[in-house]
Each structure stands twice: as C-alpha cells, then as structure tokens.
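Please open the structure in your viewer and set it to show side chains. The stops below can be taken in order.

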Amino acid sequence: MIFKKKRFERKVILQKNVLDSILSYCQMKHPNEGILILKGKSKNGQIKIDGLVIPPFNYTGPTFAGFPHSFLPFDLSYIGIVHSHPSGSAEPSVTDLHNFFGLVSLIVKSPYDDDSIFAWDSSGNSISLSIE
Ligand SMILES: [Zn+2]
C-alpha cells in the first residue's frame with residue numbers, strides 16, 4: 001500500500017436553514033425546475049454555503065432552468081447554483097455541465113426531502129455534501 005500526501009478533500013457544507021429554503025423553493029416551483037444562486041465561501045477545498053439569491057430574469061420549465069449570467073453583479077460570494085430536477089434524477093445533464101457556474105452545482109430531485117440533494121463539480125463528479 002502506498003501512502004500519498006493527503007490532498008485537500010473537496011467537500012460542500014450546507015447550512016440547514018439554507019437547505020430548508022432550497023427545498024421549499026423547489027417544492028413551490030414544482031413541476032417546473034427551480035434555480036437559485038448559492039452564496040458562501042471556499043477555503044482549502046471546502047465550500048461553505050450560507051445564503052441564497054434568486055437570479056434576476058430567471059426562466060424555468062419542466063426540463064430546464066437558467067438565467068442570463070450577464071445580468072449578475074460581480075460578486076465573489078456567488079459560488080455556485082442549485083437547481084431542481086422535477087423528473088426525479090439528481091444527475092447533471094449535459095446542458096447543466098455546459099452552463100456550469102462557479103465552483104459547485106447542487107441538484108435537488110423530487111420529492112425534495114433532506115436526502116434529495118447532491119453536489120457536483122464542473123466535470124460531473126460528485127462532491128461529498130454535509131448539512132450542518
Ligand atoms: Zn438540470
């Protein structure tokens with residue numbers, strides 16, 4: 001067995017009250033997708049999410065959700081987006097990866113409970129997610 005120098009483990013930490021807001025927003029948007037900007041900070045591979053912003057001019061339907069990035073103010077605390085998949089799959093679509101914004105993409109699938117949320121990086125690899 002070879003021991004390598006441990007690299008920073010990537011991890012997303014989501015505040016419980018932010019999770020609750022995400023879940024109720026997505027429930028409200030159902031059967032359309034909902035989309036929100038994640039606010040927080042990143043340090044040593046750890047991404048802490050502590051707030052949400054409703055993107056201006058966002059558009060959503062049953063299989064898509066987006067917003068024009070050009071309308072966003074330059075804000076370093078915008079570290080990713082979360083959107084919902086009413087169809088019940090938490091895998092990022094090709095379109096999702098193409099429209100990747102920031103450091104992390106959270107996807108919430110129906111039925112929008114505490115176990116319905118997953119974190120992905122820009123290559124579509126899953127990142128561990130913890131709620132606190
Ligand atoms: Zn999607």
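This tour of a predicted model goes from a metal site to a helix and then to salt bridges.

**The zinc site**

Select the zinc ion together with H83, H85 and D96. These residues supply the protein donors: NE2 of H83, NE2 of H85, and OD atoms of D96, which is listed twice, at 2.0 to 2.5 Å from the ion. Along the chain, the donors follow the pattern H-x1-H-x10-D. What is the geometry of the site of the zinc ion? The site is irregular, with angles of 56 to 156 degrees among the 4 donor atoms. Four donors would count as tetrahedral only if all angles lay between 85 and 135 degrees. For orientation, the ideal angle for four tetrahedral donors is 109.5 degrees. Now colour H83 and H85 by accessibility: both are buried.

**Helix α1**

Next select residues 16-29, which form helix α1. The helix has 14 residues, and the span from its first C-alpha to its last is 20 Å, close to the 20 Å expected. Which residues of α1 are buried? They are V18, L19, I22, L23, Y25 and C26. Turn the view to look down the axis of α1: the buried residues fall within an arc of 165 degrees, so they line one face of the helix. In an α-helix there are 3.6 residues a turn, so residues three or four places apart point the same way.

**Salt bridges**

The model has 4 salt bridges. Start with D121 and R10, whose closest N and O atoms are 2.9 Å apart. This pair links distant parts of the chain, 111 residues apart: D121 lies in the loop between β8 (117-120) and β9 (126-131), and R10 in the segment before β1 (11-14). D121 is buried, with a relative accessible area of 8%, whereas R10 is partly exposed at 41%.

Move on to D114 and K16, which form a salt bridge with an N to O distance of 3.3 Å. Here too distant parts of the chain are linked: D114 sits in the loop between β7 (104-109) and β8, K16 in helix α1, and 98 residues separate them. D114 is partly exposed, with a relative accessible area of 40%, and K16 is partly exposed at 35%.

The last pair to select is K41 and D50, joined by a salt bridge at 3.6 Å, N to O. K41 is exposed, with a relative accessible area of 55%, while D50 is partly exposed at 36%. To finish, add D20 to K16 and D114: salt bridges with shared partners join these residues into one network.

How values were computed:
Residues numbered from 1 in each chain as written. Predicted model: local features only at pLDDT ≥ 70, side-chain atom pairs only at ≥ 80, totals over all residues. Heavy atoms only, no water. Donors = N, O, S within 2.8 Å, 3.2 Å for Na, K, Ca; no water. Tetrahedral: all angles 85-135°; square planar, octahedral: opposite > 155°, others 65-115°. Buried < 20%, exposed > 50% of the residue type's maximum accessible area, 1.4 Å probe, protein only. Helix = DSSP H or I, 4+ residues; strand = E, 2+ residues; numbered from the N terminus. Expected span 1.5 Å × (residues − 1). Arc of directions from axis to C-beta. Salt bridge = Lys/Arg side-chain N within 4 Å of Asp/Glu carboxyl O.
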